[in-house]
Amino acid sequence: MFDIIIRNGTVATASDIFKADVAVLDGRIVQIGEGLADAARVIDAAGRLVVPGGIDSHVHLSQPSGNGIVMADDFESGTRSALFGGNTTILPFCLQEKGQSLREALRGYHALADGNCYTDVSFHLIVSDPSPTVLGQELPALVADGYPSFKVFMTYEGLRLNDAQILQTMDVARRTGALVMVHCENEDAIRYLIGQHEAAGDVAPKAHATTRPVVVEREATHRALSLAEVVDVPVVIVHVSNGAAIEEIRAARARGRKVIGETCPQYLTLTADSLEGMDWEGAKFVCSPPPRDEAEQANCWRGIETGVFDLFSSDHCPFRYDDSKGKLNPKGKTSFRHIPNGIPGVETRLPILFSEGVMKGRIDLSRFVALTATNHARIYGLETKGSIAVGMDADIAIWDPNITRTIRHADLHDGADYSPYEGINVTGWPTTVILGGKVMIQDGELLGQKGDGRYRSRSLSGLTRPSVS
Ligand code: URP
Ligand code: ZN
Ligand code: ZN
């Protein structure tokens, strides 16, 4: 007797697409076959797609943002929104504040997450203060304890590391088998450009994009890849926005480097022109790197189609727009420099790629699964997730490929007050979502509860360890 049988659906994995029934018992997928019978619950998926629950490996929730700014999502609203968008696991960041120990930072994030999540979660660390204790003791111990990935920033005052610090952090990754993710933008070049724009009185949101041009991302990407080559570690280049950075990744791979590229919906659907909105509306689109232009959108699509990108993530980093603790904070209304960086998108990531990618014939369904679930699991060490296969966690999304919707923030479930994707028409939406064998959303209705999602410790990345032991 199974707990659930999903019958008559079209199952998609990163390698195959086939008609089959899927049986779930005790939270795991236990059989895949034809004519499976005998379950407490049968879900008829005829005409629908049965895919692994999405894994979004780039999400910010409840992250301290300074100057009275508060993120629009905590773990409850953020994971609920993720779930409605077809995700069953997300990887938010745990930010180390200056002078803080990583363990202390993690205690805070666990306290916020534990008992409050609708999806499973696991944490990446953000290293902002690579002191000798952090590098020598804390990081290696935390990698062993199931936190095997950390992000470093080349931009943002208070977060950026210099090259020496990046090299030292990468060296810890080389010794421990952890994976380093790099935010590539040259902070000094950005500051120079900000100074010029401010001196000219050009302080509207659009200047956010013009002070972070492609060249500052390209230079930093080249440098990050070079530093990883010096240390001889794999590296993840996150939220890539343009063709020049893509070429840097291609060139590094051609030199034999292990490089993972990540891009996000904003670089496929938005342009810098969005930042030009009247009445400071452009603030809604302020994120870093900024959206570029249509030619760069095409370059990012080519990166997806040709395998430069292994990861498609949301970089969900939500702030309310019309809010003194959000985009329109008192200083944010005076200059683009004070508008918090980041946009919401955890719920719309999958429908956008499905609609624009699969339904428009740019990628096939297996590549969609790889880009949105399987690769995230393999790259970030979630061994029992990211595929429809016997023994895997029963984290499953059932999609109706024929539903058409116009994205409206009023229909979404995050804590922001807008969506940067408002008005975009999509075809295909996840209607039923199963987490660890529990039906969390059925035909669009929430059945799960906060606390059903749990923290998941991770193994070393498939990139840094033998896959057979
Ligand atoms: O603007 C963005 N992307 N904010 C989130 C933080 C980051 O850099 O990923
Ligand atoms: Zn970043
Ligand atoms: Zn981010």
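How many Å separate a polar side-chain atom of K151 from an oxygen atom of ligand 1? In this structure, which is a predicted model, a polar side-chain atom of K151 lies 2.8 Å from an oxygen atom of ligand 1, and that contact is a convenient place from which to begin reading the site. Taken alone, ligand 1 exposes 260 Å², of which the protein buries 96%.

Ligand 1 has its place in the largest pocket, where 13 residues surround it, the closest being H60, K151, H183, S288 and D315. Sorted by class, the shell around ligand 1 consists of seven polar, four nonpolar and two charged residues. Two histidines also offer polar side-chain atoms to the ligand: an N or O atom in the side chain of H60 is 3.2 Å from an oxygen atom of ligand 1, while for H239 the corresponding separation between a side-chain N or O atom and an oxygen atom of ligand 1 is 3.5 Å.

Several of these residues appear again when one turns to the metals. The zinc ion (ligand 2) has as its protein donors K151 through NZ, H183 through ND1 and H239 through NE2, lying 2.1 Å from the ion, and along the chain these donors follow the spacing K-x31-H-x55-H.

The zinc ion (ligand 3) is held by another set of protein donors, namely H58 (NE2), H60 (NE2) and D315 (OD), which lie 2.0 to 2.1 Å from it, and their spacing along the chain reads H-x1-H-x254-D. Why is the arrangement around the zinc ion (ligand 3) described as tetrahedral? The reason lies in the angles, because the four donor atoms around this ion subtend 91 to 121°, and four donors count as tetrahedral if all angles lie between 85 and 135 degrees.

The zinc ion (ligand 2) and the zinc ion (ligand 3) are 3.9 Å apart. Read together, the contacts show K151 as a donor to the zinc ion (ligand 2) that also has a polar side-chain atom 2.8 Å from an oxygen atom of ligand 1, and H60 as a donor to the zinc ion (ligand 3) with a side-chain N or O atom 3.2 Å from an oxygen atom of ligand 1.

Technical notes:
Residues numbered from 1 in each chain as written. Chains lettered and ligands numbered in written order. Predicted model: local features only at pLDDT ≥ 70, side-chain atom pairs only at ≥ 80, totals over all residues. Heavy atoms only, no water. Near = heavy atom within 4 Å. Polar contact = N/O pair within 3.5 Å; in protein donor to acceptor, adjacent residues only side chain to side chain. Areas by Shrake-Rupley, 256 points an atom, 1.4 Å probe, with all protein chains shown as cover. 1 Å grid on protein atoms, 1.4 Å probe; cavity = no way out; pocket = protein on both sides within 12 Å on 5 of 7 lines; lining within 4 Å. Sits in = over half its atoms within 2 Å of the grid points. Nonpolar A, V, L, I, M, F, W, Y, C, P; charged D, E, K, R; others polar. Donors = N, O, S within 2.8 Å, 3.2 Å for Na, K, Ca; no water. Tetrahedral: all angles 85-135°; square planar, octahedral: opposite > 155°, others 65-115°.
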